[in-house]
Every structure is written in structure tokens, then in C-alpha cells.
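Student: Could you take me on a close look at one helix of this protein, and then show me how the charged side chains and the open space fit into the picture?

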Amino acid sequence: MAEPNLLTELAATLYGTDPYRKPDIYLNEYGRLFEPLRSLPIRLLELGVHRGASINLWERYFPLATIVGLDGEAKPVSFPTSERCHFVHGAQDSVHLLDQAVAVAGGPFDIIIDDCSHLGCHTARSFAHLFKNRLNPGGIYIIEDICTAFTSGHGWDAAPFDPPQIGLPGMLQVFPSHQNGMIGLIKQLLDHSQAPTAAGAYTEYPIERLTVLTNFAILHKAKRT
Ligand SMILES: C[S@@+](CC[C@H](N)C(=O)[O-])C[C@H]1O[C@@H](n2cnc3c(N)ncnc32)[C@H](O)[C@@H]1O
């Protein structure tokens with residue numbers, strides 16, 4: 001049952017019958033999470049644009065934000081024409097393009113949403129490049145649709161296959177079968193989030209809080225490392 005909030009109301013208008021509509025469980029959480037940032041001149045990056053519905057959603061929800069959308073497909077016709085919105089064309093794990101996204105935004109991001117390939121290796125590479133220096137301290141990094149790791153039809157990211165290991169730099173592969181795909185990535189990030197207690201300091205991924213909900217994960221970057 002949808003809780004009424006501006007994001008679900010906007011989604012009803014903007015997505016129409018688009019099958020990639022963000023579920024209400026995401027939008028209800030984002031409503032709580034993003035409300036304090038609504039009227040600030042933040043920078044937001046979304047990996048995965050598709051027909052442009054979510055970029056239009058963020059443009060309307062954050063009236064002062066600079067918004068960048070990246071996709072391997074061409075810019076959709078419905079992409080906002082506002083000067084606050086920018087499109088980057090290409091692969092989500094190209095470090096060159098991720099740096100281009102930072103450049104067109106004018107600096108590091110405050111919110112990054114990965115709604116792109118939903119494959120662990122791409123998601124891990126994007127995270128590894130963006131989280132440390134391209135997300136502001138206190139910033140929010142969201143990884144959507146982590147349950148692709150449990151479904152067939154997503155190639156080597158799917159559980160029934162023997163996928164290549166995604167490995168974040170410096171992580172031991174203790175339980176290989178548990179460290180693959182989207183869920184494997186989230187498990188590795190959980191280990192990083194415990195580093196201040198376990199090892200006395202943050203790792204290269206200073207994760208202050210990791211929240212895992214049904215099918216998506218929210219990572220808060222530490223304000224100070
Ligand atoms: C779920 S859709 C994005 C939906 C959009 N965020 C929304 O809510 O309207 C995923 C998008 O990711 C793009 N994509 C998939 N794999 C990609 C990759 N490796 N690099 C860049 N884009 C990719 C697809 O072209 C598709 O448009």
C-alpha cells in the first residue's frame with residue numbers, strides 16, 4: 001500500500017506504464033531520506049536513465065539540484081531540457097565517464113543512485129570509483145535491485161551460474177560463493193562498514209551506515225574519516 005508522498009505522486013504521473021517504475025518501497029524510503037535535502041542546491045547522479053522518468057522525478061523533487069543521468073543508450077527524448085540536468089552517454093563502469101559526470105555537475109555528488117545494469121561487477125566498479133572521492137562526506141549512495149543476484153536471466157550475476165568474482169580492492173575472498181553478484185557486493189560493503197570497530201579506522205570506503213531493505217541498499221558516507 002503506497003504511503004502518500006510527493007515522490008509516489010510524481011512517479012504516478014511520470015512513469016505511466018513504464019515497467020521500470022521505481023517501487024513504492026523505494027520511493028517511500030527516499031521520501032524520508034531526501035526530505036531534509038529538498039530545498040538545497042545538491043548534486044545528484046543517477047546511473048541508468050532509460051526513458052527519463054526518474055531524472056524528471058528528481059528534477060521536480062529537488063528544485064535547486066544539479067542532476068546528472070548516465071546511460072549506455074542514447075539520451076531519451078523526455079530527458080529534461082533544464083540547464084540543471086545533464087546527460088552522460090556510455091558504460092556505467094567507465095571511470096572516464098564517471099569523472100565526466102562529476103565535471104558536468106561541477107563537483108562531487110551528494111546523492112548517487114545506481115539503477116543501471118544491476119550486475120555485481122559493474123555496480124562494484126562504479127561504487128569503487130565514486131564512493132571515496134566523488135561523493136561528498138555525509139553523502140548518500142543507493143544501490144537498487146540487489147535481488148538480481150537471486151534470479152536467473154541476469155547472466156553470470158545470477159545465483160545458479162558460476163560467476164566471476166567481483167572483488168573490491170583489498171577484500172579477502174573468504175567465502176567465494178557468497179561474494180559474487182549484487183548480494184556479494186553488499187556483504188563486502190557490510191564488512192567495510194564495521195571497520196572502525198574491527199580495525200580501529202575506516203577503510204578506503206568510509207561507510208558510516210549501511211541499510212539494506214527489500215531489494216535495495218542505502219550507504220551513508222561518513223562525515224569525517
Ligand atoms: C532500470 S533502467 C533505469 C530506469 C530509470 N532509472 C528510471 O527509474 O526511470 C536501467 C538502464 O540502465 C542502462 N544500462 C544497463 N546496463 C548499463 C551499463 N553497463 N552501462 C550503462 N547503462 C546501462 C539501460 O540502458 C537502462 O536504460
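Tutor: Happily! In this predicted model, the buried residues of α2 are Tyr26, Leu27, Asn28, Glu29, Tyr30, Gly31, Leu33 and Phe34. That makes 8 of the 11 residues in the helix, so α2 counts as mostly covered. What does the covering? The cover over the buried residues of α2 includes the helices α1 and α3 (53-61), along with the strands β4, β5 (135-144), β6 (207-213) and β7 (216-221).

One of the buried residues deserves a second look, since Glu29 carries a charged partner: Arg32 and Glu29 form a salt bridge, with 3.0 Å between their closest N and O atoms. The two sit 3 residues apart in α2, so about one helical turn separates them. Their surroundings are not alike. Glu29 has 17% relative accessibility and therefore counts as buried, the cut-off being under 20%. Arg32, at 48%, counts as partly exposed. As a general point, side chains of opposite charge can pair when their charged atoms come close.

Just before α2 in the chain there is another charged residue to follow. Lys22, in the loop between α1 (6-15) and α2 (24-34), forms a salt bridge with Asp115, at 3.1 Å from N to O. Asp115 belongs to the loop between β4 (109-114) and α5 (120-130), and the pair links distant parts of the chain, 93 residues apart. Both Lys22 and Asp115 are buried. They also have company: Lys22, Asp115, Glu46 and Glu144 are linked in a network of salt bridges.

Asp115 leads us on to the open space. It is among the residues nearest the centre of the largest pocket, together with Tyr20, His50, Cys116 and His118. This pocket has a volume of about 460 Å³, and 24 residues line it. By type, the lining divides into 10 charged, 8 nonpolar and 6 polar residues. If you like to think in terms of probes, rolling one the size of a water molecule over the atoms shows where empty space is left.

For a contrast with the buried pair, turn to α5. Arg125 forms a salt bridge with Asp93, the closest N and O atoms being 2.3 Å apart. Arg125 lies in α5 and Asp93 in the loop between β3 (85-89) and α4 (95-105), so this bridge ties together parts that are 32 residues apart in sequence. Here both partners are partly exposed: Arg125 has a relative accessibility of 41%, and Asp93 has one of 21%. In total, a search of the whole structure finds 8 salt bridges.

Finally, let us step back to the whole protein. It has 7 helices and 7 strands, which follow the pattern α-α-β-α-β-β-α-β-α-β-α-α-β-β along the sequence. Of its 225 residues, 51% count as buried. Counting contacts between residues at least 6 apart in sequence, 58% join residues at least 24 apart. The accessible surface comes to about 10500 Å², with 56% of it belonging to carbon and sulfur atoms.

Technical notes
Residues numbered from 1 in each chain as written. Predicted model: local features only at pLDDT ≥ 70, side-chain atom pairs only at ≥ 80, totals over all residues. Heavy atoms only, no water. Salt bridge = Lys/Arg side-chain N within 4 Å of Asp/Glu carboxyl O. Helix = DSSP H or I, 4+ residues; strand = E, 2+ residues; numbered from the N terminus. Buried < 20%, exposed > 50% of the residue type's maximum accessible area, 1.4 Å probe, protein only. 1 Å grid on protein atoms, 1.4 Å probe; cavity = no way out; pocket = protein on both sides within 12 Å on 5 of 7 lines; lining within 4 Å. Points joined across faces, edges and corners; volume = space filled by probe spheres on them. Nonpolar A, V, L, I, M, F, W, Y, C, P; charged D, E, K, R; others polar. Contact = heavy atoms within 4.5 Å. Areas by Shrake-Rupley, 256 points an atom, 1.4 Å probe, with all protein chains shown as cover.
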